[in-house]
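Reader: Could you walk me through this one? I'd like to hear the reasoning behind the labels.

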Amino acid sequence: KHRFESFAAPLGRMLLHLEEFLDEVQETCDDGASKEAEDCWRWLSTLDEEKLYQLGMLADCSDEILVATRQVDKEDVDTSTMHDSAQALLQRMDALFNKRQCLELPGYTRHVLEILKRKRIVHGPAGKMKSIGGRGADGNTALGNCFQRMAAYSSLVADVVKTELPDYELFCAFKLFNLEGGGFFKAGSSAKGSDEALQ
């Protein structure tokens, strides 16, 4: 259960504390001519808004996949519900990345967008400096590039789901008859009630 989370959790925590993380990297840069300072500046000098937007989207995606993983990664999982979990995952990914709702819904992407509304100046050795953020994200080419990658990733996830759970859409259609989950016909309902439901 911890294998996937060991990748997703550190990324999410770094983004939640992005400003403090950048402060620490900047502090290491300011330490002098150490190898660590050089490595930190090499990383900072290549950092831009597009990379941070992409990290935010990947963190949102990782959270969604982690939810699906937790639902099915247990010994007593009801295998008849796995198709529902897969369908829910694909619907959430479509909403977040194809419909771009990750820009509005609370999550890592929106958090990064809020942080990048403010310009940040980072300093390197020999008086080098660069700015990150402060340019606004509306209609941003960088955001468009990120969404293109996430659209391709979402398609890949859909292909994996179809491979691992063949005919999952057909199985999902049968949840109409799921009595336990409050399906179309509920246990104990009368014929009259069923007729009313059909009407």
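**Reasons behind the labels**

Author: Sure. This is a predicted model, where local features need pLDDT of at least 70, side-chain atom pairs count only at pLDDT 80 or more, and totals for chains, interfaces and linings use all residues. Residues are numbered from 1 along each chain as its sequence is written, and side-chain values use heavy atoms, with hydrogens and water left out.

Reader: Why is C61 called buried?

Author: Buried means under 20% relative accessible area (1.4 Å probe, protein chains only; exposed is over 50%, partly exposed in between). C61 has 2% relative accessibility, so C61 counts as buried.

Reader: How do you know whether C102 is in a disulfide?

Author: A disulfide is a pair of cysteine sulfur atoms within 2.5 Å. For C102, the nearest cysteine sulfur belongs to C146 and is 9.3 Å away, leaving C102 in no disulfide. The structure holds zero disulfides.

Reader: And what makes C102 buried?

Author: C102 comes out at 1% relative accessibility, so buried is the word here.

Reader: What makes strand 1 and strand 2 a pair?

Author: Strands are DSSP runs of E, at least two residues, numbered from the N terminus; helices are runs of H or I, at least four. Two strands pair if DSSP finds at least two bridges between them. Strand 1 (residues 120–123) and strand 2 (residues 129–132) have four, in the antiparallel sense, and R120 has I132 as its bridge partner in strand 2. Five residues sit between the strands of this hairpin, where A126 takes a positive phi near 55°.
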